[in-house]
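Colleague: I'm new to this structure and would love a close look at a single part of it. Could you take me through the nonpolar core and what lies around it?

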Amino acid sequence: NTPALQAFAFARQKLDESAYTGPVTAADVGGLPDVMGFKFDLDGQALWVLWYASTVEPQHALNFSTHPAQAWDMTGSPLNPGSLVVSMNPIYILWP
């Protein structure tokens, strides 16, 4: 499998079972204006898909007041929910 196929398969797996609830705003991510994303409902839990659209920095650390329940990179590999970095590659964050 190529990374693109893995990313597509993971997106389909997560988003097929989800309902779109709205955009992620700068206020949701600590005021970072270049963090883009969408919110979904996945079986009663909030699922966010985020990426970083800055032309100045390649990535940025995310700081939330509470840690997400789980997080994955674009191919579905687990990420440490307490230490997330967003870049142009989407990440998935599941909230408790």
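**A look inside the core**

Modeller: Happy to! Let's start from one residue, L50: setting aside neighbours within four places in sequence, L50 has contacts with V24, V29, V35, M36, G37, L62, V86, N89, P90, I91 and I93. Please keep in mind that this is a predicted model. L50 belongs to the largest nonpolar core, a set of 14 residues. Along with L50, the residues with the most contacts inside this core are V29, V35, W48, L62, V86 and I93. Three elements each give two or more residues to the core: β3 (45-52), β6 (84-87) and β7 (91-94). Of these, β3 supplies the largest share, with 3 residues. In soluble globular proteins, nonpolar side chains tend to be buried together.

Apart from this core lies another one, of 9 residues, including F40, W72, Y92 and L94. Some of these names come up again when we turn to the rings. The structure holds 8 aromatic pairs. In one of them, the ring centres of F10 and Y92 are 4.9 Å apart with planes at 90 degrees, so this pair is edge-to-face. Because F10 lies in helix α1 (residues 3-16) and Y92 in strand β7, the pair ties together parts 82 residues apart in sequence. Both F10 and Y92 are buried.

F40 takes part in a cluster too, where ring pairs link it with Y20, F38 and W51. As for W72, the charged end of K14 sits over its ring, 4.4 Å from the ring centre.

Conventions:
Residues numbered from 1 in each chain as written. Predicted model: local features only at pLDDT ≥ 70, side-chain atom pairs only at ≥ 80, totals over all residues. Heavy atoms only, no water. Core = buried A, V, L, I, M, F, W, Y, C linked by side-chain atoms within 4.5 Å. Buried < 20%, exposed > 50% of the residue type's maximum accessible area, 1.4 Å probe, protein only. Helix = DSSP H or I, 4+ residues; strand = E, 2+ residues; numbered from the N terminus. Contact = heavy atoms within 4.5 Å. Phe/Tyr/Trp six-rings, centres within 6.5 Å; stacked < 30°, edge-to-face > 60°. Lys NZ or Arg CZ within 6 Å of the ring centre and 35° of its normal.
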